[in-house]
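Subject: Structure for you to look at

Hi,

Here is the structure I promised to pass on. Have a look at it first, and then read my notes below.

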Amino acid sequence: MDKTLKQANGDGRRMQLVHWKDFYVLEDRDLKGRGLFAAKNFAKGESLYVFDYWSEEIMPMHLTNHSCDPNGRFDDRGMLIALRDIEKGDEITFNYLLHPIPASPWNFECRCNSQNCIGWISVESSY
Ligand SMILES: [Zn+2]
């Protein structure tokens, strides 16, 4: 598969302000666009990042794709927790329908390829 590794923010100005050392971003033009990938192993139950959509222009959250069978889920404190062991190189995902986020692309065809994929993510299906 031809994937191009790109930094989340090309000029690197704000790289140090978020924990990007734990993640990297891949862009795949044929599939889902950009995605957030683990740059290290995370054990089940480990915190990935905090729910934060606003602090920086580009946050890990902005780059995390939806999955109907995600490997992350936000807990009560707004921390994204690994639902299972995540290996370096795995894509980080969470279920957008469980965690409404601002400016979420609510109507899109899901291509997560999981067994329980609902196929189409829309406002209607979440209520
Ligand atoms: Zn899906």
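**The three-stranded sheet**

In this predicted model, an open sheet is built from 3 strands in the order S4-S7-S6, with antiparallel pairing. Strand S4 (47-50) and strand S6 (72-74) stand at the edges with a single partner strand each, so one side of each has no neighbour in the sheet. On average, neighbouring strands of this sheet are turned by 25° against each other, ignoring direction.

Now for the pairings. S4 and strand S7 (residues 79-82) run antiparallel and are joined by 3 bridges. Val50 has Met79 in S7 as its bridge partner, and Ser47 has Ile81 in S7. On the S6 side, 3 bridges again link S6 to S7, also antiparallel, and Phe74 stands opposite Leu80 in S7. S6 and S7 make a hairpin with 4 residues between them, and Gly78 in that turn has a positive phi of about 80°.

**Which way S7 faces**

Which side chains of S7 are buried, and which are not? Leu80 and Ala82 point to one face and are buried, while Met79 and Ile81 point to the other face and are not. That fits the general rule that side chains in a regular strand alternate between the two faces of the sheet.

Leu80 and Ala82 also turn up in the largest nonpolar core, which has 9 residues. The other members are Leu36, Phe42, Leu48, Tyr49, Ile86, Ile92 and Phe94. S4 and S7 each supply at least two residues of this core.

Leu36 is worth a click. Leaving aside neighbours within four places in sequence, Leu36 is in contact with Phe23, Val25, Pro60, Leu63, Thr64, Glu91 and Ile92. One of these, Leu63, sits in helix H1 (residues 60-63). Leu63 counts as partly exposed because it has 19 C-beta neighbours inside 10 Å, and buried would take 20 or more. Leu63 and Gly33 are 30 residues apart in sequence, with their C-alpha atoms 9.4 Å apart in space.

**The loop between S9 and S10**

Asn113 lies in the loop between strand S9 (108-109) and strand S10 (120-121). Its phi is near 65°, a positive value in a residue other than glycine. Most residues other than glycine have a negative phi. Is Asn113 buried or exposed? Asn113 is exposed, because it has 10 other C-beta atoms within 10 Å.

Ile118 lies in the loop between S9 and S10 too. With 14 C-beta neighbours inside 10 Å, Ile118 counts as partly exposed. The C-alpha atoms of Ile118 and Cys68 are separated by 6.9 Å, although the two residues are 50 apart along the chain.

**The whole chain, and how far to trust it**

The protein chain has 1 helix and 10 strands, running β-β-β-β-α-β-β-β-β-β-β from the N terminus on. Of its 127 residues, 20% count as buried. Among contacts with a separation of 6 or more, 58% come from residues 24 or more positions apart.

As for confidence, the mean pLDDT of the chain is 79, and 72% of its residues reach 70 or more. Over residues 1-18 the pLDDT stays under 50, and the model has 23 contacts beyond four places in sequence for that stretch.

Cheers

Methods
Residues numbered from 1 in each chain as written. Buried ≥ 20, exposed ≤ 12 C-beta atoms within 10 Å, placed from the backbone. Contact = placed C-beta atoms within 7 Å. Pairing = 2+ DSSP bridges. Axes fitted to C-alpha atoms, helices over the stretch in contact; angles between N-to-C directions. Core = buried A, V, L, I, M, F, W, Y, C linked by C-beta atoms within 7 Å. pLDDT = per-residue confidence, 0-100.
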